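Got a protein model on the screen and no idea where to start? Let's go through a few features together, one at a time.

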Amino acid sequence: WGVYKQRLEPLVQTFARLCQSAREESDPLSCLLFYSRSLTLAQKNELSAKQAFATALYPAGATALAPLLEDLGALEAKIPVLANQCPVYVECSQDFNNMILTATTETLSRQGFVVTNDRTCTEYICIVTVTENFQELSGGNFYTPQVQIALACGNKSLYAQSFSIQRTGARNGSVAKQRCYKAIADELRKSFLEE
């Protein structure tokens with residue numbers, strides 16, 4: 001149990017802190033962000049299965065950790081309720097074939113958010129800003145994009161993330177741009193809301 005507890009306890013404590021942060025938030029989208037992170041952490045680390053194994057391994061130890069996991073069973077029901085209270089509108093000032101819009105919308109939906117196409121029906125907005133950093137060189141057309149993502153309610157920022165993509169390019173300008181935006185979309189799907 002001592003060895004297993006060393007692996008399980010930090011996960012359980014992180015999960016409990018995220019849930020506590022969610023309970024302390026007054027804004028539904030901020031609350032949803034914390035609960036979504038909690039659920040992602042629980043699913044990626046198979047917390048339910050680990051708790052069940054801990055119960056079989058050492059019931060007294062598992063019982064001591066159980067209060068920290070009290071939200072685990074209710075998360076999947078809480079998230080859709082909160083999501084319906086705060087639909088999000090996605091705005092991409094720079095895009096190519098709607099790759100960024102699609103990747104952002106898919107990621108938000110996967111995290112439990114309701115995405116709306118009508119800016120007037122929500123106060124929550126997700127703004128994705130792409131700086132292409134385009135270079136036309138003798139060897140071809142190259143992009144080294146930087147991306148900034150912000151979830152906001154009015155003037156209040158609720159979440160911010162930025163990342164860069166390694167240089168992509170091709171001799172053909174259209175192919176280079178497509179590769180650039182595909183790389184951005186792939187990174188969005190992988191890392192947006194995962195921290």
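Here is a short chat between a learner and a teacher about reading this predicted model.

Q: Let's start with helices. At what angle do H1 and H3 pack?
A: To describe a helix pair, look at the angle between the axes and at how far apart the axes are. Here, H1 covers residues 2-24 and H3 covers residues 47-57; their axes are 11 Å apart and meet at an angle of about 135°.

Q: What do I call that arrangement of H1 and H3?
A: Over 145 degrees would count as roughly antiparallel, and 65 to 115 as roughly perpendicular. This angle of about 135° makes H1 oblique to H3. As for handedness, H1 passes H3 in a left-handed crossing.

Q: Which residues make the contact between H1 and H3?
A: On the H1 side, you'll find Tyr 4, Leu 8, Leu 11, Val 12 and Phe 15. H3 brings Leu 47, Lys 50, Gln 51, Phe 53, Ala 54 and Leu 57. Sort the residues of this contact by class and you get nine nonpolar, one polar and one charged.

Q: Now the rings. How many aromatic pairs does the structure hold?
A: Six. With a ring pair, check the distance between centres and then the angle between planes; from 30 to 60 degrees the pair is tilted. Take Phe 96 and Tyr 181: their ring centres are 6.0 Å apart and their planes sit at 35°, so this pair is tilted.

Q: Where in the chain are Phe 96 and Tyr 181?
A: They come from distant parts, 85 residues apart. Phe 96 is in the loop between strand E1 and helix H6, while Tyr 181 belongs to helix H7. Both Phe 96 and Tyr 181 are buried.

Q: What about Phe 134 and Tyr 143: how are their planes set?
A: Their planes are at 50° and the ring centres 4.9 Å apart, so that pair is tilted too. Phe 134 is partly exposed, because its relative accessibility is 39%. Tyr 143, at 5%, counts as buried.

Q: Which rings are linked into a cluster?
A: Ring pairs join Trp 1, Tyr 4, Phe 53 and Tyr 58. You've already met two of those names: Tyr 4 and Phe 53 also take part in the contact of H1 with H3.

Q: One last residue: is Ser 38 buried or exposed?
A: Under 20% relative accessible area means buried. Ser 38 has 0%, so it's buried. You'll find Ser 38 in helix H2, residues 28-44. Leaving out residues up to four places away in sequence, Ser 38 touches Phe 15, Leu 18, Cys 19 and Leu 75.

Note on methods. Residues are numbered from 1 along each chain as its sequence is written. This is a predicted model: local features need pLDDT of at least 70, side-chain atom pairs count only at pLDDT 80 or more; totals for chains, interfaces and linings use all residues. Side-chain values use heavy atoms; hydrogens and water are left out. Axes are lines fitted to C-alpha atoms, for helices over the stretch in contact, and angles run from 0 to 180 degrees between N-to-C directions. Helices (H or I, at least four residues) and strands (E, at least two) are DSSP runs, numbered from the N terminus. Angles under 35 degrees count as roughly parallel, over 145 as roughly antiparallel, 65 to 115 as roughly perpendicular and the rest as oblique. A crossing is left-handed if the near helix is turned anticlockwise from the far one by less than a right angle, and right-handed if clockwise. Contact means heavy atoms within 4.5 Å. Ala, Val, Leu, Ile, Met, Phe, Trp, Tyr, Cys and Pro count as nonpolar, Asp, Glu, Lys and Arg as charged, and the others, Gly among them, as polar. Rings of Phe, Tyr and Trp (its six-membered ring) pair if their centres lie within 6.5 Å; planes under 30 degrees apart count as stacked, over 60 as edge-to-face and the rest as tilted. Buried means under 20% relative accessible area, exposed over 50%, partly exposed in between (1.4 Å probe, protein chains only).
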